[in-house]
Structure formats: C-alpha cells, structure tokens
Amino acid sequence: MSEWRIPLSDLSYGVEEEEAVLRVVRSRWLSMGPEVQAFEQEFAGLLGVRHAVAVSSGTAALHLAYLALGLHAGDEIIQPAINFVAAANMALAIGAVPVFADIAGLTEPTIDPAEIERLIGPLTRAVVVMHYGGYFCRMAEIKTLCDRHGLFLIEDACHAVGAAYRDSQLRSPHGKMAGTLGDIACFSFFSNKNLAVGEGGMVVTDRDDLAERLRRLRSHGMTTLTWDRHRGHAASYDVLLHGYNYRLDELRAALGRVQLAKLTDGNARRRLLAAEYRRQLESIPGVQVVFPGQEANSACHLEVMLAPEARLRDAIRARLAEEKIQTSLHYPLIPDFTAFTQTGSGKAGHWSRSHEFSQRAITLPLYPTMTTEQVGQVCDAVRRAIG
Ligand SMILES: *Cc1c(COP(=O)(O)O)cnc(C)c1O
C-alpha cells in the first residue's frame, strides 16, 4: 500500500478494533442492534446533545438533515464554495439550489457571514456551515443571522468531531462542541476522518421532533426496527413516510465505539503536531497556515498551508511527492466542477477568495501516530521546495 514515506493520513487502529469486530461476529447480530444503540448514546454523551442518529455515511447524514428539516424543491441552501461536494450534491438531490458563498479569508477558509447576508433572498431556507479542517466557523455571528432571517442552521461537522471552542465567545459559546451550535449537525466516519470506521456517519440534534423524523427516514419510514421485533417488542409495523435505507451496521458501530474512546487523545495529539507544524512553517518566507494560533480550538483534522504564490503550488506538491510525502487539496471550488457549471446552480457569485485559496492550498500529512520528527521532515521538504 504505502509507497509513501509519510502518508497524508493513517488509521489509529489496534487490537481493540480487532476485538470489537470479533465481538460482533460472535454475537451473530449484524445490523441496528446493541452496538448501534450504544454508539449513538456514547456519541451524544461526548457532544452533550440530546439525540445522535447513526447512519451509513456523512452524505446520508446531510441528505437526512435536509429532509428532516422539511427542505424541498426550489429552496435555496446557502453553503461554502470551499467544501467537500456532498452538501451541494444532497441539496440538488432534494431539488433544492445550493447557493455558494465565499470564504472569510485565505487563512480563514470558512464561510463568510457577510457573504451569507448578501446572498439571503426570499427563497433562502437554510445555511450550511463547514468547520474547515476542524476549525470553527464564526458561529456566534452566523447564528444571529440565521435567527434574524428565520433560517435553519446546519453544521457539516465532518472535519470537527470532538472540537470544542475554548478561548472566547467570538466563534461559539465557551466549551460548546462542534455539532451542537445549530439546528442539526452531520458527521462522517469515512476512513480518513478523525473517527474512522470505513463508511459511516451521524446526525445529531437537540430537537425531539427532528430526531424522530431522522430515525424514520433512516429506515424506510417504518415505525419499528427488526431489533425491536426480534426482542418481541413489536409484532408489526406501519410506514409513515417515504424513507431510505441509511442504517449503520453493528460491525462499524462497534469500531466507532472504540474509535470514540480514542478520540480525545487522538485529537490532543493532532493539536500538538499542528502546533509544531505551525512553529516551523511560519518561519518559511511567504508560507502561511490556515487559522494561525487556533489549534487549541480545533479537532485538527487537516494541516493546510498556503503556497507563497499560486504558480508555485503544484511544484511544491511535486517536490514533496518526489520525497515520498503525500499531499492533497481541500478543496477544488465546487461551482467550478463541470456538473455545477452545467446546472447553473449557485447563482452569480464572486468567489475570489475561494478561487485564490483553492489555487494556493496544500494539505500536508497529519494523523495521531505521526511523529514530531516526521513533521520536521515535511517542513524541511517544504523549505527546500521553496528555497
Ligand atoms: C467526508 C466529508 C463528507 C462526506 O462524508 P462521507 O462519509 O464520505 O459521505 C461531507 N462533508 C465533509 C466536509 C467531509 O469531509
């Protein structure tokens, strides 16, 4: 697998994960049983939120969040132009229109509250924010805006599992966790996320009515689960709405519980490595990092630097690849993707900051089992590539 000397990310997996899978295999119950229930409860407990609903992916989580909120065809959903494409794709899946907003700045690549305000129109129903790299959006400002205009606030918290803002009231109330700041929030447990099970996700909310709709929509709109009927709690079922099969299986839920127990330590390790990255990268002429000095408030999912100039970016990445250091780009601009230019969705926007960001950003390796020596090797390689 690894031709890379330092890969972009790596699993923090050990014997506990092996034992968890074995436990499920031996239990002979494979989907939507005690492991899923326990995973949901433990996840809700970590966030301090009333409901956590486990689903099959982060994309499914976003789809169900839109549906549970009653968003539908023709609604406009304001969201960042710099994001993974899932939130925009799922808007189109329900017939809604993703309206793309620029980022706040090159070193703050999260949605700009002023841009949200500019884009709000009569058809706007919701705002999606994405805590880029695990760093909070300007939540206090955005929440006020959504309240004032009667808009739903959805957190795409796929990068930010376990992030808590520690320092001030500027972005979110002190100590509140990412995923607890809007009406509903979505998480992904894809292989390269801070909490990884392969494929999986979670929707969280404090609202009882949303949680009930989420649970129904997750499993065909049915009133009861196989597990309830297995335990003799229900003889039959009704179908109350047109749902999906977005269930999570027991194997992945069991992996999720082990990964959840490791999350706090894993994120702390990521913060330490991120602080070391920043110390070294900031001494390289022309190089900037995103959210400088903010690691303490982040889940540190990604370590992202800006090349001094757009024209140097690909050369730096190529040079790192030669040294067997894997890099990535988070993200190309969504409204520039072929499928999005052709639908014409997204309205006439000017995403000048997002454009420049997507031309200068480089994602560097970061994962809890990485060593500080490896961070030094990556930074040395960047220094050589530029110098
Ligand atoms: C990973 C990710 C998703 C999609 O999650 P999947 O589990 O891959 O469907 C959505 N948004 C963001 C920001 C992500 O990082």
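**Figure 1. A three-stranded open sheet in the predicted model.** The strands of this open sheet follow the order 10-11-12, and their pairing is antiparallel. Strand 10 (288-289) and strand 12 (361-364) are the edge strands, each of which pairs on one side only. In general, the strands of a sheet pair through backbone hydrogen bonds, and the pairing may be parallel or antiparallel. Here, strand 11 (residues 303-306) is joined to strand 12 by four bridges in the antiparallel sense. Within this pairing, M305 stands opposite I362 of strand 12. The structure shown is a predicted model, as are those in the legends that follow.

**Figure 2. Helix 12 and the three-stranded sheet.** Helix 12 (residues 352-360) lies across strand 10, strand 11 and strand 12. The helix runs at about 50° to strand 12.

**Figure 3. A seven-stranded open sheet.** This open sheet has seven strands in the order 1-9-8-7-6-2-3, and their pairing is mixed. Its edge strands are strand 1 (51-55) and strand 3 (97-101), and each of these pairs on one side only. On average, neighbouring strands of the sheet are turned by 20° against each other, with direction ignored. One of the pairings joins strand 2 to strand 6 in the parallel sense, over three bridges. The bridge partner of E76 is T124, which belongs to strand 6.

**Figure 4. Helix 7 and the seven-stranded sheet.** Helix 7 (residues 208-218) lies across strand 1, strand 8 (184-188) and strand 9 (201-205). Relative to strand 1, helix 7 runs at about 15°.

**Figure 5. A salt bridge between R125 and D75.** The model contains 27 salt bridges, and the view shows the one that R125 forms with D75. The closest N and O atoms of this pair are 2.9 Å apart. The salt bridge links distant parts of the chain, as its two residues are 50 residues apart. R125 belongs to strand 6 (residues 124-130), whereas D75 is found in the loop between helix 3 and strand 2 (76-80).

**Figure 6. The second largest pocket.** Rolling a probe the size of a water molecule over the atoms shows where empty space is left. The second largest pocket holds about 330 Å³ of space. Its lining consists of 20 residues, and those nearest the centre of the pocket are F84, S188, F190, N192 and K193. By residue type, the lining comprises seven nonpolar, ten polar and three charged residues. Helix 3 (residues 58-68) supplies the largest share of the lining, with three residues.

**Figure 7. Backbone geometry in two loops.** Most residues other than glycine have a negative phi, and most peptide bonds are trans. R28 is not a glycine, yet its phi is positive, at about 60°. This residue lies in the loop between helix 1 (15-27) and helix 2 (34-47). The second view concerns the peptide bond between H330 and Y331, which is cis, with an omega of about 10°. Y331 is placed in the loop between helix 10 (310-322) and helix 11 (338-343).

Definitions and conventions
Residues are numbered from 1 along each chain as its sequence is written. This is a predicted model: local features need pLDDT of at least 70, side-chain atom pairs count only at pLDDT 80 or more; totals for chains, interfaces and linings use all residues. Side-chain values use heavy atoms; hydrogens and water are left out. On a 1 Å grid over the protein atoms alone, a cavity is a set of points where a 1.4 Å probe fits but cannot get out, and a pocket is an open set with protein on both sides within 12 Å along at least five of seven lines; lining residues have an atom within 4 Å of a point. Grid points are joined across faces, edges and corners, and a volume is the space filled by probe spheres set on the points. Ala, Val, Leu, Ile, Met, Phe, Trp, Tyr, Cys and Pro count as nonpolar, Asp, Glu, Lys and Arg as charged, and the others, Gly among them, as polar. Two strands pair if DSSP finds at least two bridges between them. Contact means heavy atoms within 4.5 Å. Axes are lines fitted to C-alpha atoms, for helices over the stretch in contact, and angles run from 0 to 180 degrees between N-to-C directions. A salt bridge is a side-chain nitrogen of Lys or Arg within 4 Å of a carboxyl oxygen of Asp or Glu.
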